[in-house]
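Reader: I am in my first year of study and would be grateful for a close look at a single part of this structure. Could you please describe how its strands are arranged and what surrounds them?

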Amino acid sequence: MITIFIALLVGIISIFFGIYIGNKKFIGSLKLKKEEIEKFLNQSKKDAEELKIKAKEEAKALRKKELVEAREEIHKMKDEAERELKKQKNDFKVLEERLIRREENLDRKEQNIETLKEKLETEKESIKEKLLEAENKLHEIAALTEEEAKQIILNEVTEKYEKTLAQKYKEMKEEYEDDAKKYAKWVITTSIQRYASDVTSEITTSTVTLPTDDMKGRIIGREGRNIRTFEKLTGTDLIIDDTPEIVVLSCFNPLRREIAKRTLEALVADGRIHPARIEEIYDKSKKEVEEFIKEAGKEAIMRVGIKSPHPELIKLLGRLKFRTSYGQDVLEHSIEVAQFAGLMANELGLNVELAKRAALFHDLGKAIDHEVEGSHAIVGGQIAKRYNEKPAVVNGIQYHHNEVDPMTPEAILVGAADALSAARPGARREALENYVRRIEQLEEIAKSFRYVDKAYAIQAGREVRIIIQPDKIDDALAEKLSHDVSHQIEEKMQYPGVIKVTVIREKRSVSYAS
């Protein structure tokens, strides 16, 4: 046991000794390592310092090199900029010299133009003097004035180019008439279709029906005093003949005839016929007719549909109820004209109220034209102006017979509607004397033109046919002749409706076989 213990002790001592020996060697090696490391660190610091110094030197060298290169680059750019600037200066100098030369050329040209202008003025004056001298010499040689020579030249030119002008006129007329006719027909046809009125024709006599023929004796009265009083008061002729149960009132004034008719009808109904009763009934009938006139005027205003005018205009309008023109009731005619004018104004986009108003009053002057001097158109316009109608309405009234210039398109419509109403079939009738005079005048106008062989007015004067010399006038001149004749008819004649002018150019070649 002691041996084992000693052995263990020796072993432990050996281990500790070995450990001691080992630690001592390990510590010695650590010191060596430490020394080597310190030596390596010192060497590394030394190398790093050397590298740092070397890097600084190299950086210094590189910066110096870059500075040199930058200076060289700047110097190079400076040289290029100087060369460019020098080049531009040279270009500007060349341009300036060129502008100076151009300015000098312009100055020289301006001087030349002024010189040329003065020369032209001198030559112009010289030419004028020569023309005047030549003109005077021509006058001396031809023994003609300037106007005479001009007229001769115009005649020659007209004679030379008349056919060409006539042909051109024909072409232009056909071109414009095609469109105008289509539209005018459409407007007029539409207006007529939209308005239709009765044809009213007044005559110069009125009849009064009696209950028995015995009443005729009472109307005549003792020694004719009743009939004399009646005719004196009413201004009419009372015709009592053998016609059973009828007496006739004759008077050209429809107003007086209407008062007389009402008076006689009232006397017959009352049965008491004597001078005092006739006067009493006459006054009553006169007031009734005056009231009837007012109502007729108001009714016309309502039928046309315009704003109410001055009361005096309504009275004058109503008096047209007892006025006729070519057998046509003037009030009905005025209403018809107003409706036509209104319809056409509506189709054309014009002032309908203005057209209707001027058209309704267009014959207002006929209500008093037997009391004052002047045409009914001018008188009517003056009346309308007196009662505060607008200037456009006054102008429309006065224009409808072309006695003044139209101020508005509505005034032209009034004239057209008046002609349309007058020309409507059955609207008017004329006296035989006027008819014959119009026929003769138509033929005279047609025969007054050159190369007209014969002229005939036909269809109650609504057409004139002209036969021309075919070897003197061609088709184009025939067209122009029809226009010239129609234009002269419009200037010289007054007529209702439209007159058709027909020019006939007929060439006949005849030969005989034997």
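Author: Let us begin with one pair of strands in this predicted model. Strand 2 and strand 3, the latter covering residues 246-250, are paired in the antiparallel sense, and three bridges connect them. Two of the residue pairings may be located in the structure. Asp 237 has Ser 250 of strand 3 as its bridge partner, while Ile 239 stands opposite Val 248, again in strand 3. Strand 2 and strand 3 together form a hairpin, with six residues between them. Within that turn, Glu 245 has a positive phi of about 60 degrees.

Strand 3 also pairs with strand 1. Strand 1 and strand 3 run antiparallel and are joined by five bridges. Here Ser 250 appears once more, as the bridge partner of Thr 205. Ser 250 is thus a bridge partner both of Asp 237 and of Thr 205.

These pairings may now be put together. In general, the strands of a sheet pair through backbone hydrogen bonds, in either a parallel or an antiparallel manner. In this model, three strands form an open sheet in the order 1-3-2, with antiparallel pairing. Strand 1 (205-209) and strand 2 (237-239) are the edge strands, each of which pairs on one side only. On average, neighbouring strands of this sheet are turned by 25 degrees against each other, direction ignored.

What lies across the three strands? Helix 5 lies across strand 1, strand 2 and strand 3, and runs at about 10 degrees to strand 1.

Helix 5, at residues 254-270, also leads to a further feature: together with helix 4 (225-234), it contributes to the lining of the second largest cavity, each of these helices supplying at least two residues. A probe the size of a water molecule, rolled over the atoms, shows where empty space is left. In the whole structure, a search finds two cavities of 30 Å³ or more. The second largest cavity holds about 30 Å³ of space. Among the residues that line this cavity are Asn 226, Phe 230, Leu 238, Leu 264 and Leu 267; Ile 219, Ile 273 and Ile 278 belong to the lining as well. By character, the lining residues divide into seven nonpolar and one polar, with no charged residue.

Conventions
Residues numbered from 1 in each chain as written. Predicted model: local features only at pLDDT ≥ 70, side-chain atom pairs only at ≥ 80, totals over all residues. Heavy atoms only, no water. 1 Å grid on protein atoms, 1.4 Å probe; cavity = no way out; pocket = protein on both sides within 12 Å on 5 of 7 lines; lining within 4 Å. Points joined across faces, edges and corners; volume = space filled by probe spheres on them. Helix = DSSP H or I, 4+ residues; strand = E, 2+ residues; numbered from the N terminus. Nonpolar A, V, L, I, M, F, W, Y, C, P; charged D, E, K, R; others polar. Pairing = 2+ DSSP bridges. Axes fitted to C-alpha atoms, helices over the stretch in contact; angles between N-to-C directions. Contact = heavy atoms within 4.5 Å.
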